[in-house]
Amino acid sequence: MAAEKLRDLSHPIDVGLLDATVAAFYGTGSKEERTAADHILRELQNNPDMWLQVVHILSSTQNLNTKFFALQVLEGVIKYRWNALPVEQRDGMKNYISEVIVKLSSDEISFRRERLYVNKLNIILVQILKHEWPVRWRSFIPDLVAAAKTSETICENCMAILKLLSEEVFDFSRGEMTQQKIKELKQSLNSEFQLIHELCLYVLSASQRTELIRATLATLHAFLSWIPLGYIFESPLLETLLNFFPVISYRNLTLQCLTEVAALNFGDFYNIATILPPNTNITDAYALGSSEEQAFIQNLALFFTSFYKSHIRVLESTQENISGLLMGLEYLINISYVDDTEVFKVCLDYWNSLVLELFEAHHNVDNPAAAANMMGMQMPLLPGMVDGLGSQILQRRQLYAGPMSKLRLLMICRMAKPEEVLIVEDENGNIVRETMKDNDVLVQYKIMRETLIYLSHLDHEDTEKQMLKKLGKQLNGEDWTWNNLNTLCWAIGSISGSMMEEQENRFLVMVIRDLLNLCEITKGKDNKAVIASNIMYVVGQYPRFLRAHWKFLKTVVNKLFEFMHETHPGVQDMACDTFLKIVQKCKRKFVIVQVGENEPFVSELLTSLPTTITDLEPHQIHSFYESVGNMIQAESDPQKRDEYLQRLMVLPNQKWAEIIGQARQSVDFLKDQGVIRTVLNILQTNTSVASSLGTYCLSQITLIFLDMLNVYRMYSELISTTIADGGPYAPKTSFVKLLRSVKREALKLIETFLDKAEDQPQIGKQFVPPMMDPVLGDYARNLPDARESEVLSLFATIINKYKAAMIEDVPHIFEAVFQCTLEMITKNFEDYPEHRLKFFSLLRAIATHCFPALIRLSSQQLKLVMDSIIWAFRHTERNIAETGLNLLLEMLKNFQASEFCNQFYRTYFLTIEQEIFAVLTDTFHKPGFKLHVLVLQHFFCLVESGSLTEPLWDVSAVPYTYPNNAMFVREYTIKLLGTSFPNMTTTEVTLFVNGLFESRNDLSTFKNHIRDFLVQSKEFSAQDNKDLYAEEAAVQRERERQRMLSIPGLIAPNEIQDEMLDS
């Protein structure tokens, strides 16, 4: 009954009843009560007339939650429907909100008591301003300033409103408002700033109220980054700020304001060295300080870094300034040792940019024009100036030599953990295997590594000296701790590639020798594990050194084999990972006979293989086999290669022969769980070898292929009978899961081999036909729960590999997998996630390489294909939607070029256009933005191109004949969007559609036009819209990679494809 009464909005709402409903929603009553209340409130919120009750509710209720509910309703209207309301309703609401704010903030008691409510009202007011100001509310800023002068509490609240307004316009506007609107608001704020500026200065000079002064400083902080410079440097603002700085309660806010000023590229500077005595131990001060004091040190870091980023050149200009500069750098280095991630990030970011700037000037000494540009000189160079410039750069390097040396030590002491290191210290001080990657640490490692490489380029001698000195202290025990050794070795590993080869060789010989000694002389399991992890990390980073020094390479690999018997958590994993990494970079060295050896190392290794791997887990053994496969792949003599492969596979092949022999006697032997596990393990070992050997693995795969298909078929039947007999829980049993693992591994093995094998049609002829029934037929016969998605990806790989040669087989593939897979995946969006993605990848392979086979499908089958594509791009799972869209683009292009162009587009054009607009304007599908735009661009270009010779509209149903398809599509699109977005006027929609036609040939204009429409349609406001800008970000990343490739060491040597060097 109560609900009915609330729903009737023809009378003023019963506020007492609404209070009770809101209280029930937030209350501690039964779940049913809460659900019922939630239901009523949602209904009210969605009722378009509800907002008219807001004023009545706000003036009648005392309950804060009810007020918030009413304001939430109002906020929705302001965001999505404001411009469609009649003028008097807008003005009424605007005046009411302003009055309530003034009333509540005019006296101290109500202002403090109703603080949360006032804050929310301020936000609502700023949302209204985004629509009304400056055009329909010209007097807003003068009114606000006048009100502020009437009382100190009103003034404090006005400051809060101004701060919100500045943030909305300058910080959060991208993707929220159209480009035009943002520009308009920025201009208005700039032109009216005079009044705001006077008000701020007036408060700071006249008021004694702490809260008001703090609010004013906070507002200034928001404004300082964009206001015209005259207001800062030609007014008493800076002196006023510096007067407030020593006062403890204002120093954090003042320092934040000064930091903003410091970041501006203008103006002189001032001395603040009096704040902290230079000999303060900042690390301890931070560790023991209050949160205010900690914030102060963090603000200090922000101030120095901003100031130096903009004004370091001014500071280098005179002797007096230089001493200030060096003192500030000293402060910053001390602050960088503070044990707090956020503070360290601020400092690190600056160190990175300073060192990069010094490095680039040093790097460009040979190119005077570039160097002069770096030095900030804008004039043409005369011949005599070049030498002067060189000496200027050298002087500058000498000026910074001291701080840079201290900075190297800082980087070495605080180096972050690289990804390859798996052994870490847990919170209880135990050495354990890392269980989760910490992305923050990886990002920090990348920046630190880059900074240290620049530092190394600036002075290789000092870098080497500091590292060896620190290593010496580890050896004599003076400085030995796990953390010190770790950070040092991570730093040594991270500068790989930045030194000249002779220097790197000399340096590494000492480092590796010292580390191996340290391993011998140190006792204790944990200590040994830490040292082992560091040895492995360092050697894995220097493939160039290992390639040039066989003795070291052999010692290191034997040391890794030793670590493979070390059962301490993480050591064996890291040994196997490092072994694989080294082999990939040095594989040739293992298959030639080295000086002083009787046989290649690989042969020696194969002889001792059984003992080397005795202590390894199955997954580690697979990694080991992959590494040896890489070595064998480097052998160019086919006979030797086959012999090595045979020796490598002796253990798994003996076991396989034994199992198959037993199975021939009695098939039940294969049903034993232990045997199934062994079969799985053998197949996994084969997959590892196939992944590194590719085509050369042919003899091994041929050996087991047919038996493997028989095992596959038998296990498949066993799964089906178990599921049929065992009821709904059978697929979850460990027995069925294990059998399915074997089937999956068999498919993975074939896929890996065919994928890696060179493009030899006879391999396809040998392997594909025998699989048709055991694999494809089996897929069709199985129950849905027993179908392996790997079948789909295997055939996608086969089609991508053998392309048009597979056209004849497409109908068989279609018949076996299409209908039955579709039934599995179109019931909902959740079941069978693996099948979904792989199904669309298979379809895409067919559309790309075997398009003629698709044209031969019947119209029912083609309709199924098109429905499934539409179904795919509607999917909220990003990779499925993207595969669907890519597939759609392939189909559209192929059909446009075929003789069925008219027929196809007449059937599907309007459906697809409608569906694409639906996902484009639905915020769940933002990541697909780039592809949505491409599909629409294809459509608009197509109708203007003349490829379509028949009308797209249904001639029998539409009495009016359009002059051409372009006119029809224009009308259709305007109607489609007009009905989908009732909050947009017909003029806006028509403008948008005309714009699409006009910009269709220029992708970037077309894309921007659509972005603006999305923002305007208000579907996308107040959300994170970076996905709409993803493409631009990708171009930027590629540019950065090219820059990094040009500086030795910036891209780690083991990440560069350098097959040629390994000879």
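Start by selecting T883, which is buried, with a relative accessible area of 14%. What you have open is a predicted model, so keep that in mind as you go from stop to stop. T883 is found in helix α44, residues 878-896. Now show the residues around T883: leaving aside neighbours within four places in sequence, T883 is in contact with L837, F840 and S841.

Stay on this part of the chain and select M891. M891 and W351 are the residues with the most contacts inside the largest nonpolar core, and that core has 348 residues. Which residues does M891 touch, leaving aside its neighbours within four places in sequence? Pick out A847, F851, L854, L862, V865, M866 and I869 to see them.

Next, go to Y832. Look for this residue in the loop between α40 and α41 (833-849). Its backbone deserves a glance: phi of Y832 is near 50 degrees, a positive value in a residue other than glycine. Is Y832 buried or partly exposed? With a relative accessible area of 22%, Y832 is partly exposed, because the cut-off for buried is under 20%.

K803 makes a good companion stop. Select the loop between α39 (790-802) and α40 (810-825), where K803 lies. K803 is not a glycine, yet it has a positive phi of about 45 degrees. At 40% relative accessibility, K803 counts as partly exposed.

Now move to Q584, which sits in helix α30, residues 571-591. Q584 counts as partly exposed, at 35% relative accessibility. Not counting residues up to four places away in sequence, Q584 touches E626 and N630. Add M631 to your selection as well: Q584 and M631 are 47 residues apart along the chain, while their C-alpha atoms are separated by 7.8 Å.

The next stop is a space rather than a residue. Rolling a probe the size of a water molecule over the atoms shows where empty space is left. In this model, about 570 Å³ of space lies in the second largest pocket. To find that pocket, select M415, A416, N483, T487 and W490, the closest to its centre of the 24 residues that line it. Then colour the elements that give two or more residues to the lining: α20 (341-363), β1 (423-425), α23 (439-458), α25 (482-494) and α27 (525-541). Which element gives the most to the lining of the second largest pocket? That is α25, with five residues. Colouring the lining by class should give you 13 nonpolar, six polar and five charged residues.

Go on to W133 and P134 and zoom in on the bond between them. W133 and P134 are joined by a cis peptide bond, with omega about 0 degrees. P134 lies in the loop between α8 (115-132) and α9 (140-148).

For the last stop, select residues 37-103. UniProt, in an unreviewed entry, places the feature "domain: Importin N-terminal" here. How much of the chain over residues 37-103 is helix, and how much is strand? The chain there is 76% helix and 0% strand. Show the C-alpha atoms at the two ends of this stretch, and you will find them 32 Å apart.

Note on methods:
Residues numbered from 1 in each chain as written. Predicted model: local features only at pLDDT ≥ 70, side-chain atom pairs only at ≥ 80, totals over all residues. Heavy atoms only, no water. UniProt positions renumbered as here; feature names shortened; annotations may be inferred. Helix = DSSP H or I, 4+ residues; strand = E, 2+ residues; numbered from the N terminus. Core = buried A, V, L, I, M, F, W, Y, C linked by side-chain atoms within 4.5 Å. Buried < 20%, exposed > 50% of the residue type's maximum accessible area, 1.4 Å probe, protein only. Contact = heavy atoms within 4.5 Å. 1 Å grid on protein atoms, 1.4 Å probe; cavity = no way out; pocket = protein on both sides within 12 Å on 5 of 7 lines; lining within 4 Å. Points joined across faces, edges and corners; volume = space filled by probe spheres on them. Nonpolar A, V, L, I, M, F, W, Y, C, P; charged D, E, K, R; others polar.
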